[in-house]
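Biologist: Got a minute to walk me through this one? I'd like to begin with the sheet.

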Amino acid sequence: GTLYECGAKLLELGASGVSAFVAHGVFPKEAWKRFARGGDRDVFETFYVTNSIPTTTDKLPADDVFTVIDLTERVIVDLDNY
């Protein structure tokens, strides 16, 4: 709940908008639905998440709060130069 609590508090204190970023969106038991539009933790304008766990990010709705940052090219370059 820390991420949600921070976002909610910032809005309560007058922030015009709040976004979140997580490097690895684990979201057990499809908890991402709670942050989606209409969910009980719907406080973020944009919720950025990398596709480091594609089994999760493949399920995220494209027309919602989530923006998936694709790491594929970066990982390929890093592996090629390892």
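Modeller: Sure, and keep in mind that this is a predicted model. There's an open sheet of three strands, ordered β1-β2-β3, and the pairing is parallel.

Biologist: Which strands stand at the edges?

Modeller: β1 and β3 do; each has a single partner strand, so one side of each is left without a neighbour in the sheet. On average, neighbouring strands here are turned by 20° against each other, ignoring direction.

Biologist: How many bridges join β1 to β2?

Modeller: Four bridges, with the two strands running parallel. β2 and β3, the latter being residues 66-69, also pair in the parallel sense, over four bridges.

Biologist: Can you give me a residue to click on? What is the bridge partner of F21 in β2?

Modeller: That's Y48. Carry on across from there: the bridge partner of Y48 in β3 is T67.

Biologist: And how many of the five residues of β2 are buried?

Modeller: Four of them, so β2 is largely enclosed by the rest of the structure.

Biologist: OK, on to the core. Which residues have the most contacts inside the largest nonpolar core?

Modeller: F35, F44, F47 and F66, in a core of 16 residues. Each of α1 (2-12), β1 (19-22), α2 (32-35) and β2 (46-50) supplies at least two residues of this core.

Biologist: Let's zoom in on one of those phenylalanines. What is F35 in contact with, leaving aside neighbours within four places in sequence?

Modeller: Y4, F27, R41, D42, F44, F47, V65 and F66. So the list for F35 includes F44, F47 and F66, which we just met among the residues with the most contacts in the core.

Biologist: Changing topic: where is T57 found?

Modeller: T57 is in helix α3, which covers residues 54-57.

Biologist: Is T57 buried or exposed?

Modeller: Buried: its relative accessible area is 9%, and the cut-off for buried is under 20%.

Biologist: Which residues does T57 touch, not counting those up to four places away in sequence?

Modeller: V49, T50, N51 and V68. V49 and T50 fall in β2 (46-50), while V68 sits in β3 (66-69).

Conventions
Residues are numbered from 1 along each chain as its sequence is written. This is a predicted model: local features need pLDDT of at least 70, side-chain atom pairs count only at pLDDT 80 or more; totals for chains, interfaces and linings use all residues. Side-chain values use heavy atoms; hydrogens and water are left out. A nonpolar core is a set of buried Ala, Val, Leu, Ile, Met, Phe, Trp, Tyr and Cys residues joined through side-chain atoms within 4.5 Å. Buried means under 20% relative accessible area, exposed over 50%, partly exposed in between (1.4 Å probe, protein chains only). Contact means heavy atoms within 4.5 Å. Two strands pair if DSSP finds at least two bridges between them. Axes are lines fitted to C-alpha atoms, for helices over the stretch in contact, and angles run from 0 to 180 degrees between N-to-C directions.
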